[in-house]
Number of protein chains: 2
Amino acid sequence: MTEPMFNRLALVGLGLIGSSIAWAAKRKGVVKEIVGTARSQATRDRALELGFIDKAFETAAEAVDGADLVVLCVPVRASGAVAEEIGPHLAPGAIVTDVGSVKRSVVNDVEPHIPEGRYFVAGHPVAGTEHSGPDAGFAELFEGRWCILTPSDKSSADATQKLQAFWEALGSNVEIMEPDHHDLVLAITSHIPHLIAYNIVGTVADLETDTRSEVIKFSASGFRDFTRIAASDPTMWRDVFLANKDAVLEMLGRFSEDLSTLQRAIRRGEGDDLYKLFSRTRDIRRSIIDVGQETDEPDFGRMRETRSKKD
Amino acid sequence: MTEPMFNRLALVGLGLIGSSIAWAAKRKGVVKEIVGTARSQATRDRALELGFIDKAFETAAEAVDGADLVVLCVPVRASGAVAEEIGPHLAPGAIVTDVGSVKRSVVNDVEPHIPEGRYFVAGHPVAGTEHSGPDAGFAELFEGRWCILTPSDKSSADATQKLQAFWEALGSNVEIMEPDHHDLVLAITSHIPHLIAYNIVGTVADLETDTRSEVIKFSASGFRDFTRIAASDPTMWRDVFLANKDAVLEMLGRFSEDLSTLQRAIRRGEGDDLYKLFSRTRDIRRSIIDVGQETDEPDFGRMRETRSKKD
């Protein structure tokens with residue numbers, strides 16, 4: 001049990017990430033009290049029922065009153081409006097952060113609303129599942145995962161340090177980065193993969209009914225893994241692509257060029273070129289396993305339970 | 001323990017699929033004896049050492065001698081040459097099958113070499129992992145997975161039925177399909193997802209060194225799942241794309257068109273269109289879970305071991 005770092009944590013947004021922060025903060029004893037707000041009455045009621053917040057408020061303005069840590073857990077393009085609403089109600093010394101997957105637009109949208117003597121340190125816990133809503137959260141979501149903080153003009157060294165300690169207490173490894181650099185790196189590690197997954201699942205949705213049901217039936221051969229990624233929250237992802245437009249379009253351009261090259265190699269029957277690419281991608285996988293971001297267990301460990309030794 | 005269905009099973013190719021068939025057939029007792037061949041001496045030695053074959057032969061011609069079931073476990077474009085080699089050595093009544101991910105080209109390449117009184121029933125166990133080689137196999141690989149058989153001119157009803165019983169004994173569900181239809185369905189469920197995964201991992205491999213190492217570091221946000229798919233055997237996949245060129249190019253065309261539409265929606269900031277697509281893809285995921293091809297466990301069950309109840 002850690003000594004409480006904050007007296008009152010206010011969560012604006014009570015979905016997967018908000019509820020997971022609450023569960024983790026409770027378990028680790030890093031905050032004395034957790035309050036929250038969500039736009040829908042049903043979500044607020046459910047959060048109270050599940051018990052991950054102590055009090056629910058109808059508005060963000062009320063929720064942040066007296067809080068020394070405020071975490072915005074809303075789709076990235078909603079951050080500005082929330083900041084505008086809560087700005088005048090922030091307690092002196094309060095630290096505001098967020099959990100959005102895009103950082104430059106959030107910094108730009110939120111900073112103007114942070115009054116003197118209050119601090120904003122943008123953040124992005126690189127963790128999640130394809131599930132959403134208050135029931136989806138769990139305390140271990142952030143354990144061993146990265147949390148990227150992108151301090152800016154309205155941050156202070158002290159606020160950044162406190163927030164870092166908070167995320168570390170929740171089990172995360174913290175990395176400090178420039179907002180723009182964050183957006184470029186995440187465009188390729190996260191945003192483009194999600195876009196592609198949504199796209200191919202969309203292509204399948206457009207197939208003739210017969211073929212579509214067979215695709216679903218035989219989905220375990222690769223397609224299935226894309227559908228998991230493409231089951232993520234639509235509002236969150238709409239906002240990500242709009243808020244990180246430049247980096248996404250830049251990386252999408254590279255991806256499409258490369259895909260055209262592959263397409264041409266297939267059309268022309270250039271087997272050597274295909275073999276060369278298919279071999280070199282293995283090294284990248286190896287590096288990911290080496291840095292501990294993945295295990296080498298086959299098929300995502302899906303076979304963990306049934307697989308047994310051969311002897 | 002099932003009654004042995006075949007006296008002698010000959011495996012041509014001793015990689016992931018060949019070795020898994022051997023382990024499964026041994027465990028279920030469906031064959032009396034298993035022999036095999038592989039091009040490399042090292043693979044043959046390893047197979048004997050691991051013990052999943054009883055005898056190893058240097059050539060396919062020798063291996064199939066006296067076998068009543070022959071399974072070609074080689075890259076699809078190697079099937080024709082193997083069939084030509086083994087044709088004159090096949091025992092009367094022998095059933096030949098294969099495990100390739102493309103069926104039309106295999107049927108076309110193999111059939112001319114099957115002599116009178118021997119049978120060929122092309123097959124595709126829709127199962128695998130990203131690992132390859134004789135050490136990668138395990139008996140449970142086919143359990144609960146589909147095996148698609150695509151009978152053709154050189155099949156007989158009896159041979160098809162026997163082969164179906166063999167795969168069912170190994171734990172698979174068997175589906176009978178036209179070779180061309182198989183190739184179309186698999187193009188979208190398997191071939192295109194692999195191509196896209198190879199492609200994005202290739203795009204990352206081309207990034208500047210600094211960015212690349214950060215992409216690897218933060219890969220858990222989506223990219224990681226693509227690298228697993230892109231770690232599959234390069235020779236096998238080169239052959240798949242060349243052998244299923246038409247269906248792959250057709251589906252790739254649809255995918256690219258859809259991606260252009262998405263790209264334009266992002267460029268123009270058309271949030272409603274993005275939201276609409278991102279919502280509708282969830283239904284496809286739901287269907288896949290409903291037909292039992294996937295569980296609803298978050299993040300591929302990666303959290304199965306650490307996740308605990310909230311209360």
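**Exercise 1.** In this predicted model, determine through what surface the copies meet, and what the side of chain A that touches chain B consists of.

*Solution.* Begin with the overlap of the interfaces: 100% of the interface residues of chain A are also interface residues in chain B, so the copies meet through the same surface. Next, take the extent of the contact, to which chain A contributes 94 residues and chain B contributes 94 residues, two residues being counted as in contact if their C-beta atoms, placed from the backbone, lie within 7 Å. Then ask which elements are involved: on the side of chain A, helices supplying at least two residues each include H7 (179-205), H11 (245-268) and H12 (271-290), and H7(A) gives the most, with 19 residues. Finally, sort this side by residue class, which yields 48 nonpolar, 24 polar and 22 charged residues.

**Exercise 2.** Find the operation that superposes chain A on chain B, and state how the two copies are related.

*Solution.* The superposition is achieved by a rotation of 180° with 0.0 Å of shift along its axis, at an RMSD of 0.0 Å. The two copies are therefore related as by a two-fold rotation axis.

**Exercise 3.** Describe how domain 1 of chain A touches domain 2 of chain A.

*Solution.* First locate the domains, which the assignment for chain A places at 6-177 for domain 1 and 182-269 for domain 2; their centres, taken over C-alpha atoms, are separated by 29 Å. Then consider the contact itself, in which 14 residues of domain 1 meet 16 residues of domain 2. On the domain 1 side, helix H5 (104-110) and strand E7 (146-151) of chain A are the elements that give two or more residues, and the residues of that side comprise 5 nonpolar, 5 polar and 4 charged.

Conventions: Residues numbered from 1 in each chain as written. Chains lettered and ligands numbered in written order. Predicted model: local features only at pLDDT ≥ 70, side-chain atom pairs only at ≥ 80, totals over all residues. Domains from an automatic or database assignment. Helix = DSSP H or I, 4+ residues; strand = E, 2+ residues; numbered from the N terminus. Nonpolar A, V, L, I, M, F, W, Y, C, P; charged D, E, K, R; others polar. Least-squares fit on C-alpha atoms with pLDDT ≥ 70 in both.
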